[in-house]
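The following exercises concern a single protein chain and its ligand. Each task is followed by a solution that proceeds step by step.

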Amino acid sequence: MEDKALDLAPDKSIRTYVLRAGRMTDAQRKALVELAPRYCVPVRPGEALDPRAVFGNDHPLVAEIGFGMGEATWRIAQANPAINYLGLEVHTPGVGRLLCQIEDQGLENLRIVHFDAVEYLESHVPAASLAGLHIFYPDPWPKKRHHKRRLLRPGLVELLVSRLAPGAYLYFVTDVADYAEWTLDLLRATAGLKNRHQDYAPHQEWRPETKFEARANRDGGQAFEILFEKVWQQGNIRITY
Ligand SMILES: C[S@@+](CC[C@H](N)C(=O)[O-])C[C@H]1O[C@@H](n2cnc3c(N)ncnc32)[C@H](O)[C@@H]1O
């Protein structure tokens, strides 16, 4: 997809993840064969995401990068049937698990992209098409030499923001203080965004605990929540979610 305003060339090839081995249950394995054709969005070269074709309606679309095992993902989708959700994940057991939940809960408003979210957003998701973006407990890449692998980093943040519609939100949560500060500074310095709060956001009651969050909380971790909004710019249509 053409996007001349963005030059991500220096960063594009640096992956934000390492594929974890992870044991697969029989149910997950079966779901990947039987349910993926129904609930995973096919990734085809040069083909843009068409939310109306995927969901059969024009409801606002919220994407989540790195849903892990997808527990919070399906619960949020279940609680908000008038919003469509697209979960992007490379961890195959997690995709299998979420496929089972979509089937068991009968969720019409949640679909999966089993693919690198960065590549998918760049090549398949139209600009200004998302009403929201969730990033919960992303890999923190704590070593300085690995900071270039962070999902929230200069060179990638512009891509994420370009996919948000005016008025759409970016909701980021981590328990790693250094990554939280880095992200707050980065988003404050990014054109086209404004913080919905003075500093960190209060806990958003509608967000269920994720698997990594439960683990962090057991270890006495603290959640840092960040909630920014894409601002209206001249030439854009104002939409409020
Ligand atoms: C630390 S885990 C957190 C999972 C979940 N959000 C939670 O809180 O339990 C981060 C997840 O992001 C996924 N991830 C990282 N970069 C990704 C990318 N570019 N595309 C898709 N998934 C990605 C990883 O596979 C991993 O499952």
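**Exercise 1. A residue in its element**

In which helix is alanine 36 found? Determine also its exposure and its separation from valine 231.

Solution. The model is a predicted one.
- Step 1. Alanine 36 belongs to helix H2, which covers residues 36-39.
- Step 2. Within 10 Å of alanine 36 there are 16 other C-beta atoms. A buried residue needs 20 or more and an exposed one has 12 or fewer, so alanine 36 is partly exposed.
- Step 3. Alanine 36 and valine 231 are 195 residues apart along the chain, and their C-alpha atoms are separated by 36 Å.

**Exercise 2. The overall fold**

Describe the secondary structure and decide how the radius of gyration relates to that of a compact globule.

Solution.
- Step 1. The protein contains nine helices and seven strands.
- Step 2. For 241 residues, a compact globule would have a radius of gyration near 18 Å; the value for the protein is 17 Å, which agrees.
- Step 3. Along the principal axes, the C-alpha atoms fill a box of roughly 45 × 45 × 35 Å.
- Step 4. Buried residues make up 34% of the 241.
- Step 5. Among contacts with a separation of 6 or more, 84% are between residues 24 or more positions apart.

**Exercise 3. The ligand shell**

How many residues surround the ligand, and which are the closest?

Solution.
- Step 1. The ligand is surrounded by 23 residues, and the closest are Gly66, Gly68, Ala117, Tyr137 and Thr210.
- Step 2. Two or more residues of this shell come from each of strand E2 (84-89), helix H6 (117-124) and helix H9 (211-218).
- Step 3. The greatest contribution is that of H9, with three residues.
- Step 4. By character, the shell consists of 12 nonpolar, six polar and five charged residues.

**Exercise 4. Buried faces of helices**

Which residues of H6 are buried, and which of H8? Establish whether the buried residues of each helix line one face, and identify what packs against the buried residues of H4.

Solution.
- Step 1. The buried residues in H6 are Ala117, Val118 and Leu121.
- Step 2. Viewed down the axis of H6, these buried residues fall within an arc of 105°, and therefore they line one face of the helix.
- Step 3. The cover over the buried residues of H6 includes strand E1 (61-65), E2 and helix H7 (157-162).
- Step 4. Helix H8 comprises 12 residues, 177-188, and spans 16 Å from its first C-alpha to its last, close to the 16 Å expected at 1.5 Å a residue.
- Step 5. In H8, Tyr179, Ala180, Thr183 and Leu187 are buried.
- Step 6. The arc that holds the buried residues of H8 is 100° when seen down the helix axis, so these residues line one face.
- Step 7. Ala177, Asp178 and Asp185, on the other side of H8, are exposed.
- Step 8. Packing against the buried residues of H8 are strands E5 (164-174), E6 (193-195) and E7 (224-230).
- Step 9. Helix H4 (residues 71-79) has Ala72, Thr73, Trp74, Ile76 and Ala77 as its buried residues. Their packing partners are E1, E2, helix H5 (92-105), strand E3 (110-114) and strand E4 (130-136).

**Exercise 5. Positive phi values**

What is the sign of phi at alanine 128 and at tryptophan 141? Locate both residues.

Solution.
- Step 1. Most residues other than glycine have a negative phi.
- Step 2. Alanine 128, although not a glycine, has a positive phi of about 55°. It lies in the loop between H6 and E4 and, with 16 C-beta neighbours inside 10 Å, counts as partly exposed.
- Step 3. Tryptophan 141 likewise has a positive phi, near 40°. Its place is the loop between E4 and H7, and its 19 other C-beta atoms within 10 Å make tryptophan 141 partly exposed.

**Exercise 6. Two loop residues**

Is proline 45 buried or exposed, and which residues does isoleucine 83 touch?

Solution.
- Step 1. Proline 45 is located in the loop between H2 and helix H3 (51-55). Having 6 C-beta neighbours inside 10 Å, proline 45 counts as exposed.
- Step 2. The C-alpha atoms of proline 45 and methionine 24, residues 21 apart along the chain, are separated by 28 Å.
- Step 3. Isoleucine 83 sits in the loop between H4 and E2 and is partly exposed, with 17 C-beta neighbours inside 10 Å.
- Step 4. Isoleucine 83 and leucine 61 are 22 residues apart along the chain, and 6.2 Å separates their C-alpha atoms.
- Step 5. Residues up to four places away in sequence being left aside, isoleucine 83 touches His59, Pro60, Val62 and Asn109.

Definitions and conventions. Residues are numbered from 1 along each chain as its sequence is written. This is a predicted model: local features need pLDDT of at least 70, side-chain atom pairs count only at pLDDT 80 or more; totals for chains, interfaces and linings use all residues. A residue is near a molecule or strand if its C-beta atom, placed from the backbone, lies within 6 Å of it. Helices (H or I, at least four residues) and strands (E, at least two) are DSSP runs, numbered from the N terminus. Ala, Val, Leu, Ile, Met, Phe, Trp, Tyr, Cys and Pro count as nonpolar, Asp, Glu, Lys and Arg as charged, and the others, Gly among them, as polar. The arc is that of the directions from the helix axis to the C-beta atoms. Two residues are in contact if their C-beta atoms, placed from the backbone, lie within 7 Å. The expected span of a helix is 1.5 Å times one less than its number of residues. The radius of gyration is taken over C-alpha atoms; the globule rule is 2.2 Å times the number of residues to the power 0.38.
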